[in-house]
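Open your viewer and get ready to select some helices. We will go stop by stop.

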Amino acid sequence: MEFTFTDEQLMIAETAKAFFSENATSERTRKAMAADGVDHALWDSFCTELGLAGIGLPEAAGGAGLGMVEFAIIAEAAGAQVSALPLLGLATVAQAIAAGGSDAQQAEHLPNLISGATIAAFAEGQGLSHAAGKVSGTAQFVPHGAVAGLFLLAQGDAAWLVKADAPGLAVKAHVTMDQTRPFATLHLDGVTAEPLANPVAAIAAARAGGWIALSAEALGGAQAALDRTVAYAKERVQFGRAIGSFQAYKHRLADMMVEIEQARSAVYWAACAADEGSDEAALALHAAKSFAADTYFKCAADMIQLHGGIGFTWEHDAHLFFKRARAIQSMLGNGAWHREEVAKMILGEAA
Amino acid sequence: MKLGFSAADEDFRRECADWLNGQMAGEFKDIKGITTLTEKAERRKEWEQQLAAHKWSCIGWPEAWGGRNATLAQQVIFAEEYARAGVPGRVNHIGIELAGPTLLAFGTEEQQKRFLPGIAAGQTIFCQGFSEPNAGSDLASVRTKARLEGGEWVVNGQKIWTSLAHISDWIFVVTRSEEGSKGPKGLTFLMMEIDQPGIEIRPIKQINGDAEFNETFFTDARCPADSLIGAVGDGWRVAMGLLAFERGVSTLGQQMGFRNELDEVIAAAKANGAANDPLIRQRIAKAEIGLRLMRYGALRMLSQTDHSKIDGAALTYKIQWASWRRSLGELAMDVLGQAGEVADRDHYEWDVLPNLFLYSRADTIYGGTNQIQRNLIAERGLGMPREPRGDV
């Protein structure tokens, strides 16, 4: 039984944790929130100084090798600080190109994604039309869509790469509840779009990468919400006692930990199953995305409640966690959708 | 990080499965699939002996005591295959999982020689005398008294929730041996033979109509002076060490039983059309996910090599499985509808799913209630200050 981190994985976890807690400070994140939702300097040092962006991507394409377990470790650490980084775009688009792109597509795009020179975003469209190498229509809720240089658009079994500067593409940025990952709407009017060589593999890889990124981020965020609330529970005194000594309070903390420990099992089960190509991988991914997202929301919501009035203020970071958690719940399939996918595996389609 | 077991471990799994399936298809066919603790107790004592004769009784124990010195992974695998083969639970599980490890950790060599072979061979069945009517969650407030008199311990008092006492040969008892002592101090851990005039056992009927638990009354019950484990007054340390054995390898075997229960719920939902109800589908998916996460939580817990650190997966495991199973019981009744409330026989006894609904209310109580678990998680896992105590 080796369902535990190796020494190398522990080292990656320590490096990532130190990097994000030192650099992805609340102050820097808030600056990004007031601008385009990306801490560009942080993304640059993440990609170039640490070289972490290549984790989970093949070495032949300029990646660092390793797998989704290592990628999840990074995403967990990033999520713990609610860092304003386009990690989701990397996890989806780079994975898609590595799995379903032609050699030329890989050579053109992967080095720029890994170096951070290109920020990417993934969107599943509805009602996109495609003719003679051009795509028209609308793609909504594109995360970090207003800063991305490269889009992966998917619809049904088709997938295209679209460059942000392509003629006919209009990007509308939105005021978004989670300001660390603002949405944009893409309006396409006969935009040049490059089909992925193997779109089915690309879409599957984009989804799997996205689910792992989001669920690992959610795990990190949930654990951080608990840790910060635990710290507050020890220092805040009411009725002459630390509030953490009251059962009504400590039992809620315990419930958070019970959910988080399960979310941790879910995230690393899914990442490990994906790496091993296990038969369980599909079930594990649906389990991880739905469970970790719900856990994050519960913990972030409890973080506000257990901090009392201060937790409701803009100044306190609790709302960053809360808003990120809410956004993750809806992204790439909500909990009910993922659970229905699991239900289909067990029960078959509903009559 | 890896999900599975090594190739050598998988070979061992086949060896376990072959032997167990052979037994359940042959000589012990009549006990296959029994799920209650007490049904066919005499035949199951014979099964204990069969296990021992083939060295499958306590594989984690040293070879000298009838074990195989099996690795943790092998113990886990055996527990899984044991449950998968439909073998009924061990009637001596308290002897094997609690009394034996306690003797191995705290007993003298003489005590080990005296008890371990019998426990391994299914000839010495044990039950546990911890809880009392006024010492439940607050176990340290036990009042059952023990005094040394003429080279013997003389014990007076009452224990409760003693599972399997009516088919056991021995009971281990936490007693108050120091007059006037309070809380965890002044307690002594004794091993007593049950078949004596000073011990009376009365079954307690449970909400499902079954009677696995008992009240055990001690009226000048006796045991020799050397029946204690650990020192006089050191009983709390021994008892707490024993509770630590309650977790661990058996959990993955227990999960195979949960798997069977969930499969029954799924089969019932498919049979009566409940599987088409979107809300039921969501809950079945949640149950499936919860069971899988239990498995990987247990594997994380068992893969842990640094035992100096508090392991979050281990600390949260009890409340996790107990709450999961209680929810599964509720889901089972929603799947069955009113048909689940009608027994298919002429007396008050239930099929697996209605019985699960009733029985699982105990899961979140015994072995530390969910409320006590939350205290433990918050205090030990998260470092929260302890609840102020009243006068004990």
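How far apart should the ends of helix α11 of chain A be, at 1.5 Å a residue? This is a predicted model, so let us check it with a ruler. Select residues 335-347 of chain A, the 13 residues of α11(A). The expected span is 18 Å because each step between neighbours adds 1.5 Å, counted over one less than the number of residues. The end C-alpha atoms are 18 Å apart, which agrees.

Stay on α11(A) and colour its buried residues: A:His338, A:Arg339, A:Glu340, A:Val342, A:Ala343 and A:Leu347. What do they pack against? Show α9 (281-307) of chain A, then α7 (250-272) and α8 (278-303) of chain B. The buried residues of α11(A) pack against these helices from both chains. Next, click A:Gly348, which follows α11(A). Its phi is positive, near 80°.

Now select helix α7 of chain A, residues 199-235, with α9(A). Their axes lie 8 Å apart and the packing angle is about 25°. An angle under 35 degrees counts as roughly parallel, so α7(A) is roughly parallel to α9(A). Their crossing is left-handed. The contact has 18 nonpolar, five polar and two charged residues.

Keep α7(A) and add helix α10 of chain A, residues 318-330. Parallel or antiparallel? These axes come within 10 Å and cross at roughly 150°. That is over 145, so α7(A) is roughly antiparallel to α10(A). This crossing is left-handed. Show the contact residues, among them A:Leu214 and A:Gly221 of α7(A), and A:Phe321 and A:Ile328 of α10(A). By class, seven are nonpolar, one is polar and two are charged.

Key. Residues numbered from 1 in each chain as written. Chains lettered and ligands numbered in written order. Predicted model: local features only at pLDDT ≥ 70, side-chain atom pairs only at ≥ 80, totals over all residues. Helix = DSSP H or I, 4+ residues; strand = E, 2+ residues; numbered from the N terminus. Buried ≥ 20, exposed ≤ 12 C-beta atoms within 10 Å, placed from the backbone. Contact = placed C-beta atoms within 7 Å. Axes fitted to C-alpha atoms, helices over the stretch in contact; angles between N-to-C directions. Parallel < 35°, antiparallel > 145°, perpendicular 65-115°, else oblique. Left-handed = near helix turned anticlockwise from the far one by under 90°. Nonpolar A, V, L, I, M, F, W, Y, C, P; charged D, E, K, R; others polar.
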